[in-house]
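Grab a pencil and have a look at the model below. Ready to work through a few exercises on it?

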Amino acid sequence: MFAPKSLCLVSRVSYFDILKSCLTTIYWSFLSGNSKSLEGLVGCILGFVRVPPPGGPKMTFSMGAGDRQTLSPPASDTLPKTGKSVSVLFNQLGIHNVLSLFCATLTENKILFYSSSYSQLTHATQSMLALMYPLKFSYVFIPILPAALLDFLSAPTPYIMGVHENYKDTLAPDMADVILVDIDGGHLIIPDSINLPCLTEPFLSRTRHELTLVLHPELVTADCAFQPPTSPSLPVLQDKELRAVFIRLVAQMFTGYRSCLTLIRIHPKPVITFNKVSFLEYRGMVGDAFLSKVLESISFLSFVASRGPPYRTCDLFDQLSVEIDSILNSEGGMDAEVQANIQQLAQKLYDNEPSCDTAENNVQPVVSPEEAEMCSKMIFPELNEADISRHINQQENVASDYTVKRAEPCVVPSNPVSSRQQHYIPSRKLEVLRDCVAYIFDNKISEARKVHVHVFLTCNWLCDHNNYYKQ
């Protein structure tokens, strides 16, 4: 009986290219009849390779099969690592669909990806988590759901999952509250039962324009008499530019959020609350369905708990959330300035990627189609566990000494909400006026008379407030 075998590397780090390269090296060593035993190759990975932590030095190693692998640890462990997966996702789904998925993820909906490629499922789902930065998805996340666990798709809580296309027709019929994403076809299906709040202006138009600048710069200058030469960046750099656009978007939405934080307790663990009503009033966004739902999400509560303390290790977002207003003012809507700032931010993301130079340093075999067909008929042997353990014990005696650069804790920068943003009616006063008008139109005069005094006081407050700011 034919029994298929698979090689699997389990790791805490998401260096997908390096892990795939190691597995390919093991398999190719078996096919080419390399003198080094397969147990020795596996023992080398498990016993010799010490993955440097974030902030550690670049590491080059060999498994002993004529290969060369390079690990470049990220400088910051809070920034997501994506390679070029975000760029691939945009090319597959388009700007409109990715923006809709972004809104669905931030407002905690059920999202199901399906594709004929397992690797594409992993990269697409990981990309959505990266676009959420600095927020983190707080519910179930399963990039590839096994067939035996398809019943989990009926879970009552939000999730992000992926299934193979073969199981699409066997899904439960009661999935009217799940957003379906066809990666191969580039389609997004939002059921009628889901009321998905979208980005409001000016965030929506500005983000669409910036994404067009990155993906299709020729469309921006298509109507110009003299069109400058334009071309999209390489996929790896384009990936970081797309992420930079979303980081700028989240920074715009949350600018001034630290002014609405209240530190209730410091010891033994900080307890911080966020005043949502004050934030929406200061920003003039009372009634914004999308932002209100984001501020009520578990992801934002976790964001406040982790980033609320005034003294901690800061990263890229902390500084950007303070400077974003001045950056937008300095750009003045000029495409060249916008693109330059996006590329500057993208370069910081690119420098943080765990392996920026793998294409140059890693040596991988090239297999022709004829060799691949011949190799598929060969039987992979069963590995000896005792030999692998012996190689691991030999490799563990090798010392690995390196210096780790870690960011020091500091006072978190903050920008208080400017006074020009505070000219808005408090939500309670708006509620009184709205109720009174509703009573009048519903012919509930007695109810309207009950709130007459409060309406009168609210109108006086508005008059005094407007006169104050006219001075």
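Here come four exercises, each with a worked solution.

This is a predicted model, where local features need pLDDT of at least 70, side-chain atom pairs count only at pLDDT 80 or more, and totals for chains, interfaces and linings use all residues. Residues are numbered from 1 along each chain as its sequence is written, and side-chain values use heavy atoms, with hydrogens and water left out.

**Exercise 1.** Work out where A448 is found, whether it is buried or exposed, and what it is in contact with.

Solution. Start with the element: A448 is part of helix α18, residues 445–450. (Helices are DSSP runs of H or I with at least four residues, strands are runs of E with at least two, and both are numbered from the N terminus.) Next, accessibility: A448 has a relative accessible area of 9%, so it counts as buried, the label for under 20%, with exposed meaning over 50% and partly exposed in between (1.4 Å probe, protein chains only). Then skip the neighbours within four places in sequence, and A448 is in contact with C436, Y439 and I440, where contact means heavy atoms within 4.5 Å. Finally, L433 is 15 residues from A448 along the chain, and their C-alpha atoms are separated by 10.0 Å.

**Exercise 2.** Find the loops that hold P134 and P202, and check the peptide bond leading into each proline.

Solution. Keep in mind that most peptide bonds are trans. First, P134 sits in the loop between α5 (118–131) and β4 (140–142). The bond from Y133 to P134 is cis, its omega near 10°. Second, P202 belongs to the loop between β7 (187–189) and α6 (203–215). Going from E201 to P202, the bond is again cis, with omega near 5°.

**Exercise 3.** Look at phi for E108 and N443, then decide whether each is buried or exposed.

Solution. Most residues other than glycine have a negative phi. E108 isn't a glycine, yet its phi is positive, about 60°. You'll find E108 in the loop between α4 (95–106) and β3 (110–115), and it is buried at 17% relative accessible area. N443 also has a positive phi, near 65°. Its loop runs between α17 (427–441) and α18, and N443 is exposed at 62%.

**Exercise 4.** How many disulfides does a search of the whole structure find?

Solution. The search gives 0 disulfides, a disulfide being a pair of cysteine sulfur atoms within 2.5 Å. Take C198: its nearest cysteine sulfur, that of C103, is 5.4 Å away. For accessibility, C198 is partly exposed at 47%, whereas C260 is buried at 4%.
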